[in-house]
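Trainee: I would like to go through the pockets and the ligand of a model. For each label, I want to know what earns it.

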Amino acid sequence: MTRKAELQKNLTEVENRIAKACQAARRPRESVTLIAVTKTWPASDIQLLHELGMRNFGESKDQEASQKVAELSKLDINWHFIGQLQTNKLNHIARYANVVHAIDRAKVVAGLDTAAQKSAREIVGLVQVSIDGDESRGGIAPAGVLELANLVTAAQNLRLGGVMAVAPLGMDPDLAFAKLLEISKALQKVHPQATTISAGMSSDLEAAIKNGATHLRIGSDLLGKRA
Ligand SMILES: *Cc1c(COP(=O)(O)O)cnc(C)c1O
């Protein structure tokens, strides 16, 4: 099988799962954006997925991402930076990222806004929530979400998109994403434009769709098992 046929097969399977989950949740398929998480995979795979109609791609390491962005600069791609944010990388990330998913502290908001201003770009920022309140693996505890979101909305070149989360290890993803939906609803009462819920990976996309996810970040079930 060619790599393109393999990717096509994987994409069809993922799309079937999404369609089924949307149907069960009585949601239109268009209410969910599929992001292909291409970390560790070559730019040629992004090219092939682009030929198959994909337009949203997620990367988590700046160096790897910038190489691919440079190589694929002729393609119309919406780049999602989904990795943890180191403040010394923000200047660079701001040059290519359209959406930054893992904003989890005030220092990152300030740094990313300054970087976006330097690049004369507007970047959509999502607040990463640590659903179980354990901030050691990234994300801010639920109690801090609104305050951080307020900083994003006040930033000149950032636009608040909404929230992002990874289901905590050992927690039922259905329960985790139900909590995330509550947090998102509370946030939208203050910031009605913050409608994005980035949740759901290969193993738990159904639970994410059931609980209102608008963006899925799918790596291994689309591209294969990472080395
Ligand atoms: C790698 C990664 C994903 C994709 O995970 P899969 O299980 O391969 O689908 C999603 N979100 C984040 C933040 C990631 O780092």
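Mentor: What follows takes the ligand site, then the pockets, then two loop residues of this predicted model.

Trainee: How do you know that the ligand sits in the largest pocket?

Mentor: A molecule sits in a pocket if more than half of its atoms lie within 2 Å of the pocket's grid points. The space taken by the ligand is the largest pocket, and that pocket holds about 330 Å³ of space. Of its 16 lining residues, those closest to the centre are Lys-39, Ile-82, Met-201, Arg-217 and Arg-226.

Trainee: What makes a residue count as being around the ligand?

Mentor: One of its heavy atoms must lie within 4 Å of the ligand. The residues that meet this are Val-37, Lys-39, Ile-82, Met-164, Met-201, Ser-202, Arg-217, Ile-218, Gly-219, Ser-220 and Arg-226. By class, this shell has five nonpolar, three polar and three charged residues.

Trainee: Why is the pair between Ser-202 and the ligand called a polar contact?

Mentor: The cut-off for a pair of N or O atoms is 3.5 Å. A polar side-chain atom of Ser-202 lies 2.6 Å from an oxygen atom of the ligand, so the pair qualifies as a polar contact. Arg-226 also places a polar side-chain atom 2.8 Å from a ligand oxygen atom. With Gly-219, a backbone N or O atom lies 2.8 Å from an oxygen atom of the ligand.

Trainee: How much of the ligand's accessible area does the protein cover?

Mentor: On its own the ligand has 390 Å² of accessible area, and the protein covers 86% of that.

Trainee: What classes of residue make up the lining of the largest pocket?

Mentor: Its lining divides into five nonpolar, eight polar and three charged residues. The second largest pocket has about 260 Å³ of space. Its lining has 14 residues, and Arg-137, Val-166, Ala-167, Pro-168 and Leu-169 are the closest to its centre. That lining has eight nonpolar, three polar and three charged residues.

Trainee: What makes Thr-40 worth a remark on its phi?

Mentor: Thr-40 is not a glycine, yet its phi is positive, about 75°. Thr-40 lies in the loop between β1 (33-37) and α2 (43-51). Ala-120, also not a glycine, has a positive phi of about 50°. The loop that holds Ala-120 runs between α5 (106-118) and β5 (123-128).

How values were computed
Residues are numbered from 1 along each chain as its sequence is written. This is a predicted model: local features need pLDDT of at least 70, side-chain atom pairs count only at pLDDT 80 or more; totals for chains, interfaces and linings use all residues. Side-chain values use heavy atoms; hydrogens and water are left out. On a 1 Å grid over the protein atoms alone, a cavity is a set of points where a 1.4 Å probe fits but cannot get out, and a pocket is an open set with protein on both sides within 12 Å along at least five of seven lines; lining residues have an atom within 4 Å of a point. Grid points are joined across faces, edges and corners, and a volume is the space filled by probe spheres set on the points. Ala, Val, Leu, Ile, Met, Phe, Trp, Tyr, Cys and Pro count as nonpolar, Asp, Glu, Lys and Arg as charged, and the others, Gly among them, as polar. A polar contact is a pair of N or O atoms within 3.5 Å; within protein, one must be able to donate a hydrogen and the other to accept it, and residues adjacent in sequence count only if both atoms are side-chain atoms. Accessible areas come from the Shrake-Rupley method with a 1.4 Å probe; for residues, only the protein chains shown count as cover. Helices (H or I, at least four residues) and strands (E, at least two) are DSSP runs, numbered from the N terminus.
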